[in-house]
Structure formats: C-alpha cells, structure tokens
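Got the model open in your viewer? Keep the selection panel handy, and let's walk through it one stop at a time.

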Amino acid sequence: MRDPGEHVPARLRTNRAVRGAVAVTILALVASVLPPGLDAQAVRITDCVECDLTATLVVQLGTEDGAAALAEPARVARRLNGQWVVTDYQESARLRVFTPEGELARAVGRRGEGPGEYDVAVWVSVTAGDSLRVADLGLGRITVLHPEHLIPVRTQRIGGPFREIAFLDDPLGRYVVAAPVMSRSGIGLPLHLMDEDGTVLRSFGAVSPILDFRDNSKSWRNITVTPDGEVWSSGLTSYVLERWSPETGDRLEVLERGADWFPPHERYGGGTLDPSQEQTPGRIEIHADRAGRLWTASHVAADDWQAAFEDGSDPYGNPARRVYDISRYYDTIVEVISPVDARVVGRARLEGNVLSFPGDGLVATRALEPPGYPVVRVWRIELAPQNPSQGGS
C-alpha cells in the first residue's frame with residue numbers, strides 16, 4: 001500500500017487550507033445533522049497460541065521486459081475463469097490479464113477519455129457474472145467490461161475522488177467509498193454510500209466527525225463489503241475493526257485487537273524511511289470472506305529492516321542511505337479473525353507488501369526479482385486445524 005493519498009493525482013487533491021476553512025465554517029452544522037443511531041461497544045479480540053497459516057505460492061506474475069513487465073503493481077483480482085487481472089500505479093491506463101498459470105493473455109485499455117480508455121484505473125473488482133468493474137480515479141467513472149470480450153458495456157459516474165471503493169452486490173449499482181466529502185452531511189465522516197450516478201445517499205463511518213485535516217491518516221479507512229451488504233472498515237494507526245450498516249449508518253460491531261506488535265500510534269508510518277528509526281506498523285488491507293471471517297493484512301518493519309538501506313543520494317544529490325526495494329524493508333502479517341467469537345484463528349508472516357486479497361484464501365504480494373524487476377506473487381493461505389481449547393489474551 002502506498003502512503004495515504006499518494007496515488008491520488010495532484011489535480012484531484014483538495015487544498016488543505018481550503019478544507020480547513022470549510023471545516024471551521026460548518027463545524028457547528030455537522031453535529032446537528034448526525035443521526036443518533038446505534039453504537040456498538042468495543043470487544044477485545046482473543047489471540048491464539050498455535051494458529052500458523054500455511055502459505056503456498058500459487059503463481060508469479062510479471063516478467064523482466066516485454067508486454068508482461070510490471071512497473072509498480074497496485075492491485076490484483078482473480079476472475080471466475082481463473083485469470084488474474086493486475087493494475088499498475090505507473091501504467092495506470094492499462095490492465096494486464098494473465099492466464100491461471102501466469103502467462104500474459106492480453107492487455108486492456110489505453111490512455112484517454114473515450115470508451116475503453118483510462119487515466120488512473122488502479123481499482124478493479126470482479127462481478128458475480130465475471131465482468132470487470134474498473135474504477136478510474138482520474139476520470140471519475142466506473143467502467144463495466146464484458147465478461148468474455150472485456151470491452152466496455154456501460155459506465156457510471158463516481159462522485160469525486162476516493163481512497164478506497166467497494167461494491168454492494170445489488171441490482172442498483174450502489175457502492176461505498178472511503179473519501180473526504182466536503183458537504184454539510186458528509187464532512188468528517190470517512191465512508192459514503194453512493195448510488196449509480198455518484199450521488200451520496202448516506203455518510204457514515206465515524207461516531208464523531210474527524211476534522212483534523214492536517215493528517216489524513218486519521219480519517220483513512222480500508223473497507224470490505226460482506227455478502228449480506230454490510231461494511232467492515234479498518235484504520236491505519238490502530239488495530240480496530242468496525243462493522244457498519246450502509247443503509248442506516250449505524251455502527252454494529254467494534255473489534256479491538258490489542259496486539260503487542262501493533263501498538264496504537266498517532267501517525268501512519270509512511271513517507272521517507274529513516275535508517276535510524278523503525279517505522280510504525282500500518283493497516284493496509286481487509287477482506288471479508290464468504291464464511292464470515294475477516295482477513296487483515298498489516299505491514300510491519302522486517303526483523304532485518306536496517307539491511308534494506310543502501311548507499312545512495314537524496315533528491316539534491318547528497319550522499320544518503322536509502323531503501324530501493326521496499327519489499328526488503330517491510331513484512332506483512334496476515335491474520336484471520338472470527339467475528340462470531342472475536343478471536344484470531346490464523347496468522348502468517350510474509351515477506352514484502354500485500355497488494356490485495358484477490359479472493360477468499362488468496363493474498364497477493366509485491367516483490368523484486370533479480371536483477372530488480374517487480375513481480376506479483378499470489379499465495380494461497382490455508383488455516384491449520386484448530387483446537388477450540390487453545391487461546392490466549
């Protein structure tokens with residue numbers, strides 16, 4: 001995961017001073033429009049003693065050169081036919097489609113504003129009918145691609161820039177975005193239920209408005225939609241999971257992890273890496289599977305994180321120790337959580353950064369292959385048999 005807001009084009013970023021002025025102007029109005037609703041009390045997640053996950057490499061995507069070469073892979077989705085779809089931060093107008101075995105099948109899209117053209121198309125998801133939904137942050141629209149030919153069949157508008165997007169499985173084309181919305185009903189609330197025309201139907205995601213616009217990590221949310229249409233969200237600076245109803249805006253459940261390797265902290269650790277100080281952990285991904293379990297991925301500094309620094313230079317040409325391979329600096333801790341009894345049922349530590357959960361039991365990570373080209377590795381994560389008597393605090 002990139003730093004909060006890093007993949008948002010500069011032309012789409014709202015000036016912080018303007019946002020601050022708007023917030024001050026309407027702060028008094030926000031409290032008056034927030035519905036009282038329901039609010040669940042936090043429950044502490046119980047840890048497990050022996051719950052290691054088994055990680056098996058399924059496929060590696062990307063080559064050193066040619067049409068299958070990746071620049072900066074962003075997200076990975078798995079189609080029902082077994083194909084893998086990879087988006088790229090640098091080549092953000094093109095989607096690469098790989099066979100189940102990892103060979104490039106085709107490239108989809110080109111830069112522009114017409115049908116089948118994209119600007120910042122790094123968000124892709126698969127529908128129940130195996131169509132692709134491509135959310136383009138730059139053009140502010142969602143394109144639905146034909147399941148066989150992967151050509152545009154329809155588009156819909158996105159209501160402004162977003163940080164994350166998740167689609168509801170309903171015939172109305174509604175979706176939820178994590179985004180700053182500068183409106184009377186939406187300011188300070190990180191999540192928004194949108195209709196197919198990009199209109200905000202309801203804003204939610206926080207019990208009280210979050211109005212510190214100097215640090216967007218406070219309002220950043222990673223989100224996933226459950227099969228029954230509810231939304232789980234997680235932040236960046238504390239291991240807290242919240243379940244929300246997008247229909248009513250109520251907070252239905254709060255789970256607090258309390259992991260000693262993820263202490264709550266004030267600021268997300270992204271930005272320039274410091275060779276004298278270990279970065280704080282960050283919440284980077286969340287996925288709700290069909291069995292009702294939550295899969296979380298948090299990136300943490302590797303045990304040998306200092307070894308990732310190499311001699312180099314800063315932007316001004318001065319000698320400096322820098323990290324050129326971010327996957328050497330970070331590891332990712334994947335946990336599987338059962339919300340029913342609020343306990344961890346599985347855990348794995350993987351080298352490198354998690355990009356996304358392409359599907360149930362699948363995790364995609366970014367790595368560098370010698371002599372230094374990026375690849376995507378998809379892992380199958382399997383739960384070990386659990387002893388119900390095992391547990392811990």
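Start with a single residue: is Val354 buried or exposed? Val354 is buried, because its relative accessible area is 1%, and the cut-off for buried is under 20%. You'll find Val354 in strand β27. Now select Ser298 as well: Ser298 and Val354 sit 56 residues apart in sequence, yet their C-alpha atoms are 8.2 Å apart in space.

**The whole chain**

Zoom out for a moment, and bear in mind that this is a predicted model. The protein chain has 393 residues, of which 54% count as buried. Colour by secondary structure and you should be looking at two helices and 29 strands. If you take the contacts between residues at least 6 apart in sequence, 51% of them join residues at least 24 apart.

Next, colour by pLDDT. The chain averages 86, and 87% of the residues score at least 70. Select residues 3–36 and you'll see a stretch where pLDDT stays under 50. In the model, residues 3–36 have 52 contacts beyond four places in sequence. Residues 388–393 also have a pLDDT below 50, with seven contacts in the model beyond near neighbours in sequence. Read both stretches with that confidence in mind.

**Back to β27: an aromatic pair**

Select Phe357 and Trp295 and show their side chains. How is this pair arranged? The rings are edge-to-face, 6.4 Å centre to centre, with 65 degrees between the planes. Phe357 belongs to strand β27 (residues 353–359), while Trp295 belongs to strand β22 (residues 294–301). The two residues are 62 apart along the chain, so this pair links distant parts of it. Trp295 counts as buried because its relative accessible area is 3%. Phe357 is buried too, at 9% relative accessibility.

**A ring cluster**

The count of aromatic pairs comes to 11, so here's another to look at. Select Tyr329 and Tyr330: they form an edge-to-face pair, 4.9 Å centre to centre and with 75 degrees between the planes. Both tyrosines are buried. Now add Trp305 and Phe309 to the selection, and you have a cluster of Trp305, Phe309, Tyr329 and Tyr330 linked by ring pairs.

**Two four-stranded sheets**

Move on to the sheet with the order β3-β4-β5-β6: an open sheet of four strands with antiparallel pairing. Its edge strands are β3 (73–78) and β6 (104–108), each of which pairs on one side only. From one strand to the next, the twist averages 20 degrees. For a closer look, select β5 (residues 95–98) and β6: four bridges join these antiparallel strands. Which residue in β6 is the bridge partner of Phe98? Select Leu104 and you have it.

Now for another open sheet of four strands, ordered β13-β14-β15-β16, with antiparallel pairing. Here the edges are β13 and β16 (200–204), and each pairs on one side only. Direction ignored, neighbouring strands of this sheet are turned by 20 degrees against each other on average. Pick out β15 (residues 191–194) and β16, which pair in the antiparallel sense over four bridges. Show Leu193 and then its bridge partner in β16, Arg202.

**The nonpolar cores**

Stay with β13 and switch to side chains. The largest nonpolar core has 16 residues. To see those with the most contacts inside this core, select Ala135, Ile142, Phe162, Ile165, Tyr175 and Val177. The elements that give two or more residues to the core are β13 (164–167) and β14 (175–178). A second, separate core has 15 residues, including Trp232, Tyr239, Leu255 and Ile337. In soluble globular proteins, nonpolar side chains tend to be buried together.

**Last stop: a loop residue**

Finish in the loop between β18 (231–234) and β19 (240–244), where you'll find Thr237. Is Thr237 buried or exposed? Thr237 counts as buried, because its relative accessibility is 14%. What is around Thr237 once you leave aside its neighbours within four places in sequence? Select Ser217, then Phe262, Pro263, Pro264, His265, Glu266, Arg267 and Tyr268: Thr237 is in contact with each of these residues.

How values were computed
Residues numbered from 1 in each chain as written. Predicted model: local features only at pLDDT ≥ 70, side-chain atom pairs only at ≥ 80, totals over all residues. Heavy atoms only, no water. Pairing = 2+ DSSP bridges. Axes fitted to C-alpha atoms, helices over the stretch in contact; angles between N-to-C directions. Core = buried A, V, L, I, M, F, W, Y, C linked by side-chain atoms within 4.5 Å. Buried < 20%, exposed > 50% of the residue type's maximum accessible area, 1.4 Å probe, protein only. pLDDT = per-residue confidence, 0-100. Contact = heavy atoms within 4.5 Å. Phe/Tyr/Trp six-rings, centres within 6.5 Å; stacked < 30°, edge-to-face > 60°.
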